[in-house]
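Here is a brief report on selected residues and their surroundings. Please view the sequence and structure first.

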Amino acid sequence: MMTLQVFCQANRENECLWKGNLGELENHRSECPFVMVGCPNDCEKQVKRKDLQQHMAAECLLRKISCDYCNEAVLWNELEQHFENCPQYPQRCNMCEKDGIERDKMEYHLERVCVNVRIKCPLHTFGCSFEGLRSDVNKHIIEQLSSHVDDCLKFHQLQEDQEGRLTQQQQSELEELKNHYTQLSNEVLHLECQLKATKEAHMRLETPLHEQEIMLRKQAGRFCDGTYTWRIEKFRDCLQGAISGTHTAKYSPPFYTSLYYGYNLCMRISMNGVDDGVGTHMALFIHLMRGDYDDFLQWPFAKNVRLSILDQSEGEGERHDISKTLVAEPQLQACQRPEAPHNYYGVGYPKFAPIELICQPHYTKNDTLLVKFEMIG
């Protein structure tokens, strides 16, 4: 009976051509690419085994992706909602307008760092009535260091006269204030020395101020002169993460398109593809981000861009970059001025290039992929 010749049930649709003994049927069904299987995410969807990977990566309503900021696994259709509560989501301080402050560090920033927060002089308990922005208070502390110490000593003497001695708590507070003043004084001296050295170096080199600023901005890595190259290291691990569905998309660091008044954006690559390109083509997009110069820029974004996967062959004449020119369409939501930290939709190519082609050694030299952005018009 077990040697009876049977066909795979999927043969009814003329898909699976397997034929074998009845005793081997179950083993075949456990690996047949045409057998209907349930989604591991419990979305109640039945798909053919060969289509399961694409379903889990791009179609499943219960698929999870990793948050780019806190790495928490989140349902793909709840990502924007997650951003509203993500502890490491970058925010802008409403007081000093500094960008990139993680949500769970904003309270510390406001209490200890932000220069535009109004605070009292730390010596208000000793009678100082000065109050102002933290930057002004810090300046006030340095300028009035001597008088503050005198006030503390006078208060000390007054207390000794009245009570014969300071309480242990007051002694501790006085010592803490002295240490604080000493630390601030040392920091100011250090900054003054740095400033003096910088000015002397500037005079020796006779470098114009604007050239120094350009150099510093380039060194910061967030400003470019219309060209930015994104290094994706550990390419094989990134690709495997995309195939398994744990990290389907990878974002570049944000960067400005020019040294002055540029657009702020980032690139996104889906190494295992999106939509009908899953498993065959890599997808490449750009996402506009909220930037410091948005008030001075033209909206919607209507620039021409070239995106490239760089050929890393030794000989320059042997290099064949994979490049595509992107013409922005102003009517797209992806090209509008960002209201959130970055636009949810990107503009680019769902099928930028075949995965098999990009995996060639001359594109992934030293397990590193180089993705280039160029502003061309």
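## Val115

Val115 is partly exposed. Its relative accessible area is 42%, which lies between the 20% bound for buried and the 50% bound for exposed, so the middle class applies. The model is predicted.

Val115 sits in a loop. That loop runs between α4 (106–113) and β9 (118–120). Beyond residues up to four places away in sequence, Val115 touches Leu133, Arg134 and Ser135. Asn138 is 23 residues from Val115 along the chain. The C-alpha atoms of the two are separated by 9.3 Å.

## Asn272

Asn272 is also a loop residue, placed between β14 (264–270) and β15 (281–289). Is Asn272 buried or exposed? Asn272 is buried, at a relative accessible area of 6%. The cut-off for buried is under 20%, so this value qualifies.

Neighbours within four places in sequence are set aside here. Asn272 then contacts Gln53, Ala242, Ile243, Gly277, Val278, Gly279, His281 and Ile355.

## Nonpolar cores

The largest nonpolar core has 38 residues. Which of them touch the most other members? They are Met267, Met271, Ile286 and Phe373. A second, separate core has eight residues. Among them are Ile65, Cys67, Leu79 and Cys86.

## Around Phe373

Phe373 belongs to the largest core. Residues up to four places away in sequence are not counted in its contacts. Phe373 touches Met267 and Ile286, both named with Phe373 as residues that touch the most other core members. Other contacts of Phe373 include Gly226, Thr227, Tyr228, Phe255, Thr257 and Leu265. Val305, Arg306 and Leu307 also touch Phe373.

Notes: Residues are numbered from 1 along each chain as its sequence is written. This is a predicted model: local features need pLDDT of at least 70, side-chain atom pairs count only at pLDDT 80 or more; totals for chains, interfaces and linings use all residues. Side-chain values use heavy atoms; hydrogens and water are left out. Helices (H or I, at least four residues) and strands (E, at least two) are DSSP runs, numbered from the N terminus. Buried means under 20% relative accessible area, exposed over 50%, partly exposed in between (1.4 Å probe, protein chains only). Contact means heavy atoms within 4.5 Å. A nonpolar core is a set of buried Ala, Val, Leu, Ile, Met, Phe, Trp, Tyr and Cys residues joined through side-chain atoms within 4.5 Å.
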